[in-house]
Amino acid sequence: PHPPSRRLSTRQRRKARYRKEVTGGLDDTQLRTLADRLTYLRELEARRGVILNSIKEQGKLTDDLARAITGAETKAALEDMYLPFKPKRRTKAMIARENGLEPLLRAILDDRNAAPEELAAAYLSEAVASVKDALDGARDILTEELSENATLLGRLRDFMRAEALITAKVVPGKEEAGAKFSDYFDHREAWSKIPAHRALAILRAAKEEVVTVDIAPDPDTGAPRAVDMIAAAIGIRGDAPGDAWLRKTAGWVWRVKLSLSMYVDLMGDLRNRAHEEAIAVFARNLKDLLLAAPAGPRATLGLDPGIRTGVKAAVVDATGKVLATETLYPFQPKNDLRGAQAAVLSLVRKHGIELIAIGNGTASRETERMVADALKALPADVKRPASVIVSEAGASVYSASELAAKEFPDLDVSLRGAVSIARRLQDPLAELVKITPQSIGVGQYQHDVDQRRLTQALDAVVEDAVNAVGVDLNMASAPLLARVAGLSASLAQAVVAHRDAQGAFPSRKALLKVAGLGPKAYEQCAGFLRLRDSVEPLDATSVHPEAYGVARRIVQACGRDIRAIMGQPEALRGVRAEDYVDDTFGLPTVRDILAELEKPGRDPRPSFV
């Protein structure tokens with residue numbers, strides 16, 4: 001496991017969409033997986049070089065060791081091999097060697113029939129006062145050698161990953177304070193099978209000092225097997241006095257040293273695994289929110305439910321412009337239900353409301369019932385607007401943000417949330433990109449996972465969603481444009497400033513007139529931008545400007561005007577993509593162009609119902 005970069009370069013994103021022949025048709029997610037793996041391998045190679053140089057400088061690099069280091073496939077295996085050569089602080093084993101006790105260990109290992117106590121008597125000195133001190137020193141040296149044995153560590157790690165149990169026990173006296181973690185007061189399960197949500201819950205309970213956590217094999221069956229593996233690494237052959245001492249030492253090494261290092265390794269692995277799985281869930285949830293069906297350009301009434309503070313209401317027209325705001329008090333303490341219902345009816349009639357978006361927070365169901373009852377008063381010949389419950393996650397964060405203050409300088413903070421709720425029904429993606437992904441509330445324990453990795457993963461989801469849907473160049477806000485490949489926040493702001501000053505862009509090419517937006521940025525972003533009423537019909541599609549020539553050759557072969565062909569699949573039925581492949585554009589790209597001509601500007605999101 002390794003921290004993923006998660007972020008694709010604009011060049012990689014563009015190739016995923018417009019150069020599929022270069023990538024073999026790999027999508028954004030697959031390219032990101034490859035980029036993650038490449039980053040890991042580059043880090044592995046860099047670390048391998050550092051380790052080889054370090055051991056070479058110590059004069060200890062043998063041919064066998066060099067081959068083993070060169071063949072290591074993981075960072076963990078590499079670090080295991082480096083342990084004996086890693087610069088370290090003064091250890092008990094170093095002190096024992098300085099006191100001349102290494103020959104004692106070799107004597108015990110070489111002559112198993114001799115009693116270790118008798119051998120140790122020959123190594124007493126001013127620094128080694130007793131036989132026990134001598135044997136403890138020999139044991140310290142053996143412990144260090146075993147804890148630096150890469151082969152043994154690898155076998156123990158594999159054994160632990162397969163057999164270890166994770167155990168949580170409540171800290172005495174914390175039962176009441178930690179009641180929300182009661183499921184884990186006496187919990188045990190296999191380390192390898194624990195799901196991410198339970199692992200994160202246990203880790204949080206441990207962090208809050210409600211439970212203690214242990215990761216170890218079964219004490220009756222697993223621990224003896226671990227000791228046997230250590231004994232095998234020492235080379236214990238029988239029951240002679242030396243073997244008996246070495247077996248006892250093997251048990252001590254497991255209890256005091258290696259079980260603890262295995263705990264640290266597996267706890268790190270568990271944390272990484274749980275974080276990765278949780279982040280993947282967050283990413284999926286965010287993707288579902290961003291790519292939810294857009295209701296489209298319809299007059300919408302947004303309602304941000306509240307009890308004591310009232311229900312905040314905001315009307316936006318088909319373009320998202322705010323037309324009216326109001327605060328309703330249908331619930332306690334004012335209980336002005338009739339007044340609230342009358343206000344809803346008035347707004348519906350006055351502004352031709354087609355949809356009512358109700359935030360899913362406190363009192364959402366009560367607000368929904370209040371609206372339903374109010375709409376019953378509409379005449380039978382008047383079409384009733386549909387009410388939809390909308391996720392209001394992040395609306396309060398947006399309301400208090402600097403961006404919202406710029407958008408609505410004269411609007412009360414509490415009413416901005418209602419505007420956001422209405423707009424996110426019209427176009428969830430365009431509205432939600434204004435909010436940091438973490439504030440949208442896409443999963444449990446989001447504050448417990450690695451924040452850098454979470455940010456990278458969620459930002460990648462936003463980028464992919466924006467680029468997949470495309471952005472209307474003449475309608476998009478600066479925050480939305482900033483998510484387009486090739487456009488930074490400053491460039492997006494420059495695009496909006498140019499649009500405000502000069503009017504709507506007549507074509508994609510007109511982007512080149514924006515100050516600071518050069519040919520390279522244009523090349524990167526143009527294919528992700530849409531212009532519905534451009535002088536160039538292909539500007540309304542996902543066809544990249546560099547491929548316009550191919551699209552025109554296809555149209556020319558059909559013998560009809562491009563506008564007559566776009567959106568008419570039957571007109572393209574006899575076209576063979578293979579006939580338009582050249583040195584620049586491969587078959588996947590030509591097929592994408594044909595698909596886009598058949599359904600120009602198609603939205604990958606589901607239809608709104």
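In the predicted model, Pro333 is situated in the loop that connects strand E6 with helix H14 (337-351). The peptide bond between Gln332 and Pro333 is cis, with omega at about 5°. A further backbone feature occurs at Glu209, a residue of the loop between helix H11 and strand E3. Glu209 is not a glycine, yet its phi is positive, at about 60°.

The protein chain contains 26 helices and ten strands. Its radius of gyration is 34 Å, well over the 25 Å given by the globule rule for 609 residues, so the chain is more spread out than a compact globule. Along the principal axes, the C-alpha atoms occupy a box of roughly 105 × 70 × 40 Å.

The strand that precedes the loop of Pro333, E6, belongs to an open sheet of five strands. The strand order is E6-E5-E4-E7-E8, and the pairing is mixed. The edges are taken by E6 (322-328) and E8 (386-390); each has a single partner strand, so one side of each lacks a neighbour in the sheet. From one strand to the next, the twist averages 20°.

Within this sheet, E4 (residues 300-304) and E5 (residues 311-316) are antiparallel and are paired over five bridges. Asp304 has Lys312 of E5 as its bridge partner. On the sheet packs helix H18 (residues 413-426), which touches E4, E5, E6, E7 and E8. The direction of H18 makes about 50° with that of E5. Helix H15 (residues 364-375) also lies across E4, E5, E6, E7 (355-359) and E8, and runs at about 155° to E7. An angle over 145° counts as roughly antiparallel, so H15 and E7 are roughly antiparallel in direction.

E5 is joined to E6 by six bridges, and the two strands run antiparallel. In this pair, Ala313 stands opposite Glu326 of E6. E5 and E6 form a hairpin with five residues between them. Gly320, in the turn of the hairpin, has a positive phi of about 90°. In a regular strand, side chains alternate between the two faces of the sheet.

A second open sheet consists of three strands in the order E2-E1-E3, with antiparallel pairing. E2 (186-190) and E3 (211-216) form its edges; each has a single partner strand, so one side of each is left without a neighbour in the sheet. The average twist between successive strands is 15°. E1 (residues 165-170) and E3 run antiparallel and are joined by six bridges. Leu165 has Ala216 of E3 as its bridge partner. Helix H13 packs on this sheet and touches E1 and E3, its direction making about 110° with that of E3. Helix H11 (residues 196-207) lies across E1, E2 and E3 and runs at about 125° to E3. The loop between H11 and E3 is the one that holds Glu209.

H13 (residues 241-290) also packs against helix H10 (residues 150-163), at an angle of about 60° and with the axes 10 Å apart. The two helices are therefore oblique to each other, and their crossing is right-handed. H10 contributes Leu152, Leu153, Leu156, Arg157, Met160 and Arg161 to the contact, while H13 contributes Trp254, Leu258, Met262, Asp265, Leu266 and Asp269. By class, eight residues of this contact are nonpolar, none is polar and four are charged.

Another helix pair is formed by H3 (residues 28-57) and H4 (residues 63-71), whose axes come within 10 Å and cross at roughly 165°. H3 and H4 are therefore roughly antiparallel to each other. The crossing of H3 past H4 is right-handed. The H3 side of the contact consists of Arg48, Ile51, Leu52 and Ile55, and the H4 side of Leu65, Ala66, Ile69, Thr70 and Gly71. Six of these residues are nonpolar, two are polar and one is charged.

Terms used:
Residues are numbered from 1 along each chain as its sequence is written. This is a predicted model: local features need pLDDT of at least 70, side-chain atom pairs count only at pLDDT 80 or more; totals for chains, interfaces and linings use all residues. Side-chain values use heavy atoms; hydrogens and water are left out. Axes are lines fitted to C-alpha atoms, for helices over the stretch in contact, and angles run from 0 to 180 degrees between N-to-C directions. Helices (H or I, at least four residues) and strands (E, at least two) are DSSP runs, numbered from the N terminus. Angles under 35 degrees count as roughly parallel, over 145 as roughly antiparallel, 65 to 115 as roughly perpendicular and the rest as oblique. A crossing is left-handed if the near helix is turned anticlockwise from the far one by less than a right angle, and right-handed if clockwise. Contact means heavy atoms within 4.5 Å. Ala, Val, Leu, Ile, Met, Phe, Trp, Tyr, Cys and Pro count as nonpolar, Asp, Glu, Lys and Arg as charged, and the others, Gly among them, as polar. Two strands pair if DSSP finds at least two bridges between them. The radius of gyration is taken over C-alpha atoms; the globule rule is 2.2 Å times the number of residues to the power 0.38.
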